[in-house]
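Work through the exercises below with the sequence and the structure at hand. Each task is followed by a solution in steps.

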Amino acid sequence: MRIRVTAAAFSAAVVVSTLALPATAQAAERPSAPARLGGFAAKAVHPNDSLGSMKFSKAVINGGKDIVLGATTKKTVTVTYVATSSSGVALTEAFLWQGTDSSSTDTITGSLGTDDDPACTESTVQTGVYSCTAVFHINAASDFKDNGVAGTWKLFLGGYDLYANASYDDNVATTRIKKASQLTVNATPEPVKKGKTITVVGSLKRANWSTGKNAGYPGQKVLLQYRKKSSRTYTTLKSVTSGSGGALKSTTKATADGYYRYSFATNSTTGASSAAGDYVDVK
């Protein structure tokens, strides 16, 4: 079954207690949990140090790229990291979360969990060093309803050594989860006489995860660009600010046959996009 981690179930203390579930209970909740955990997980031993002795490093989220999601995007995101413990690594857990303090449910604003326990393999040349991979199956339409917002998310990693001692680090790495943007363009008239005015209209929208649809994105800088018919490269003509409902409108002089488009650069919450070029025949 899919484990959807909510703020009420995601505090550091709760994550540690989840790692300490008896094997039978854990198997019912997480069918993929390895059976070998039963021998020590049933002991429910908690570390003296809230961070524990296991260390996490070299985390890479989504290949180092932003996670850009449309209104109904389903995306598989892979996270790789290294877990190091002189007492071995029996189990690790991975979460993406937003908030200010993972030890308090009141300060966790969003969180995502994995379907299965991350896979960890011990190095053949370094004892106690494990390369791990966690896989997040994200569904924007369901996972982001009242669960965090676009922007910076942190990686929480927890783990259990072979003696049932728990460890965690709630800010191993960060990533940006962004809303996908969408641009349209229409250049008129077509055909047009050389030197006459071309009017280029369009719209800028971005994903609304709550409604499952795209919505107008006003007040954003968008570039009007042009490419000659004989060229493969677009050049920027001017900057336009999207209006009400994300509406775009600009004018330019017709010079030669070519394509016009609008282009939006990424920001902290929204992914980049460019409209397909609209061809204008210049007589």
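**Exercise 1: Neighbours of strand E14**

Find the residue in E15 that stands opposite Leu-223, then describe how E14 pairs with its partner strands.

Solution. The model used here is a predicted one.
Step 1. Opposite Leu-223 lies Ser-239, a residue of E15.
Step 2. E14 covers residues 221-228 and E15 covers residues 235-241; the two run antiparallel and share six bridges.
Step 3. The connection from E14 to E15 is a hairpin of six residues.
Step 4. E14 also pairs with E17 (residues 258-264), again in the antiparallel sense and over six bridges. In this pairing, Tyr-262 of E17 stands opposite Leu-224.

**Exercise 2: An open sheet**

Give the strand order of the open sheet formed by four strands, and name its edge strands.

Solution.
Step 1. The order is E1-E3-E7-E6, with antiparallel pairing.
Step 2. E1 (55-61) and E6 (119-122) are the edge strands, since each of them pairs on one side only.
Step 3. From one strand to the next, the twist averages 20 degrees.
Step 4. Within this sheet, E3 (residues 74-84) and E7 (residues 129-139) are joined by 11 bridges. One of the residues involved is Thr-78, whose bridge partner in E7 is Val-135.

**Exercise 3: The whole chain**

How many helices and strands does the protein have, and what percentage of its residues count as buried?

Solution.
Step 1. The protein contains four helices and 19 strands.
Step 2. A residue is buried if its relative accessible area is under 20%. Of the 283 residues, 45% count as buried.
Step 3. The accessible surface is about 13500 Å², and carbon and sulfur atoms hold 51% of that surface.

How values were computed
Residues numbered from 1 in each chain as written. Predicted model: local features only at pLDDT ≥ 70, side-chain atom pairs only at ≥ 80, totals over all residues. Heavy atoms only, no water. Buried < 20%, exposed > 50% of the residue type's maximum accessible area, 1.4 Å probe, protein only. Areas by Shrake-Rupley, 256 points an atom, 1.4 Å probe, with all protein chains shown as cover. Pairing = 2+ DSSP bridges. Axes fitted to C-alpha atoms, helices over the stretch in contact; angles between N-to-C directions.
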